[in-house]
Amino acid sequence: MPIVDSNLTTILIIISVSFVLLLIGVVVTYFWLVRKYLKLQEEQTEKKIKEAEQASKVIQDAHNEAKKILAEANDRAQMIVSDSKAFREDQDASITQALEQANQLYLQSYREMLKEVQSQSVEVFQNISKDVKGEMASEIGEFRKYLHQELSSLSEGAKEEIGKIYERAAQEAEVYKKARLKKIDESIMDIVQIVSRELIGKELSADQHEELVIQALETAKKEKMFVSDSVSEATPKAQEANMKSQETNPEPESTQDGAGNSQDTNSNPQTDSNPEKGNSKSQQTSSQSLEKDSGQPSSSTGQQSSASNDNNQAQSEKSSKQIDSQK
Amino acid sequence: MYEEILGNIRTKDEAEKLLDEIDLLMESLYKDHEGTFEETLNKKVRNWVKLEIEKLLDSKKDKKEILSKLKEEIDGLNYLKMNMAFEPTSAGIDRFFGFVKKNIGPNNALDISYDPSLLGGVQISYKGEYGDFSLRKRFDENYSRIEEKIDEILNDKRRKQIE
């Protein structure tokens, strides 16, 4: 075993020594190669610099050469241009001279022609103007006359038309004014009526109302409205119908037809059984119907006892005074 | 016999109320247990009606006959229809009724209705006769004169304005 170990160690040592040597060799070769590479690089750069210098020299030379060539070309071109200038100047001078000559010739011929045309046209125009003048003068005269007539007729027509319009407008205004005034009057009347009615209705106390009713009952009694116990015994239904008709149509004019045919609606046989009272009653009834027909108080209604009339008059006067004071 | 009870009826409404009460009494005549005649008379009828009916029944006649006759009498009442501009007080109704009793006679009552548009006064209807004693009528009759007066005033004013 120790022998193997010693061999192994020697082998290992040998191997390691050889490795070390190999490494050293490698390092050395590496450094040598690096040095060589750097050297080569330097040579390369130097070479490049030299080449660049040579190239710049060549370019400089070429540049100089080109400059020379350009200068020569320029000189030559200048010479050519100066030559052509001189030629052109000569040419220009000759051309302008020729042109001037031609111009003058043309001008002269034009002037002559113009003179001729002018003289001819003046003659023609003079002849034409004389004819036209005459014609125009007569036509203008006629036109003036026509215009004058038209204007005068137009002004007359316009005057008439304006007058008519004015009259119509005045009439319309008058009609409108009347209508408006009528409307205003009507509305004033309505207002007065409503206000008066309201005032009369409001201003009466309960006592005054009752007093008016008692006065009315007295009046009715004096008109013999209540004498009819033995006279026209109207049925309650007829009474009711009559009352309803009066209530629905309180205005006497509107309830009756022109012939006043309504007075017999409530008459009954008992009226005939008592001729005296029946007559008086029927008279009253018919007179009331007449009143209803005409809208005017009948003789019997007109004779509504003067006392009650006075009372009512006094009442209405009182009411009107109250209205006045309210106003 | 019936004058006293009829004399208490002032208006149609009162007459109708009384008729209702009589109907109640007449219905109670046919009932044995609930709501006998006496019970109805004591509990469902106004006191003065009760007293008046008791007076009538003193005559020992048939109850049904007396009540039927009373109904007939009430039905036979004449009504003075009065359409007024105001609703009268009870005292007012008394006044009107007093007038009717005094001037027209018994067996008459009032049938009152209310229409403020009359302004005042009354519209009367009695047995087919009609009389309009309202202020509205007087106002309408005289309104043409008022209108003329207003017209005059308006025309004067206009004339002055034009001048």
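The legends below describe close-up views of a predicted model, with chain B at the centre and one helix pair that joins it to chain A.

**View 1. Overall make-up of chain B in the predicted model.** Chain B contains 7 helices and 4 strands, and from the N terminus on its elements follow the order α-α-α-α-α-β-α-β-β-β-α. Of the 163 residues in chain B, 48% are buried, and the chain exposes about 8,700 Å², of which carbon and sulfur atoms supply 48%. When contacts in chain B between residues at least 6 apart in sequence are considered, 64% of them join residues at least 24 apart.

**View 2. Helix H2 of chain B against helix H5 of chain B.** The axes of H2(B), residues 12–28, and H5(B) come within 10 Å and cross at roughly 160°; angles over 145 degrees count as roughly antiparallel, and H2(B) and H5(B) are therefore roughly antiparallel to each other. The crossing of this pair is left-handed. From H2(B), the residues in contact are Ala15(B), Leu18(B), Leu19(B), Ile22(B), Asp23(B), Leu25(B) and Met26(B), and they meet Lys64(B), Leu67(B), Ser68(B), Leu70(B), Lys71(B), Ile74(B) and Asp75(B) of H5(B). Divided by class, the residues of this contact are 9 nonpolar, 1 polar and 4 charged.

**View 3. Helix H4 of chain B against helix H5 of chain B.** Here the axes of H4(B), residues 47–57, and H5(B), residues 63–75, come within 10 Å and cross at roughly 125°, so that the two helices are oblique to each other. H4(B) passes H5(B) in a right-handed crossing. On the H4(B) side the contact involves Ile53(B), Leu56(B) and Leu57(B), while H5(B) contributes Lys63(B), Ile66(B), Leu67(B) and Leu70(B). By class, this contact comprises 6 nonpolar residues, no polar residues and 1 charged residue. Leu67(B) and Leu70(B) of H5(B) take part in this contact and also in the contact with H2(B).

**View 4. Helix H2 of chain A against helix H6 of chain B.** The axes of H2(A), residues 206–222, and H6(B), residues 90–103, come within 10 Å and cross at roughly 15°, which makes H2(A) roughly parallel to H6(B). The crossing of H2(A) and H6(B) is right-handed. In H2(A), the residues Glu210(A), Glu211(A), Val213(A), Ile214(A), Leu217(A), Glu218(A) and Lys221(A) meet Gly92(B), Arg95(B), Phe96(B), Phe99(B) and Asn103(B) in H6(B). By class, this contact has 5 nonpolar, 2 polar and 5 charged residues.

**View 5. Asn107(B) and Lys127(B), two loop residues with positive phi.** Most residues other than glycine have a negative phi. Asn107(B), although not a glycine, has a positive phi of about 55°, and it is found in the loop between H6 and strand E2 (108–114) of chain B. Lys127(B), likewise a residue other than glycine, has a positive phi near 50° and lies in the loop between strand E3 (121–126) and strand E4 (129–134) of chain B. As to their surroundings, Asn107(B) is partly exposed, with a relative accessible area of 38%, whereas Lys127(B), at 1% relative accessibility, counts as buried.

Technical notes:
Residues numbered from 1 in each chain as written. Chains lettered and ligands numbered in written order. Predicted model: local features only at pLDDT ≥ 70, side-chain atom pairs only at ≥ 80, totals over all residues. Heavy atoms only, no water. Buried < 20%, exposed > 50% of the residue type's maximum accessible area, 1.4 Å probe, protein only. Contact = heavy atoms within 4.5 Å. Areas by Shrake-Rupley, 256 points an atom, 1.4 Å probe, with all protein chains shown as cover. Axes fitted to C-alpha atoms, helices over the stretch in contact; angles between N-to-C directions. Parallel < 35°, antiparallel > 145°, perpendicular 65-115°, else oblique. Left-handed = near helix turned anticlockwise from the far one by under 90°. Nonpolar A, V, L, I, M, F, W, Y, C, P; charged D, E, K, R; others polar.
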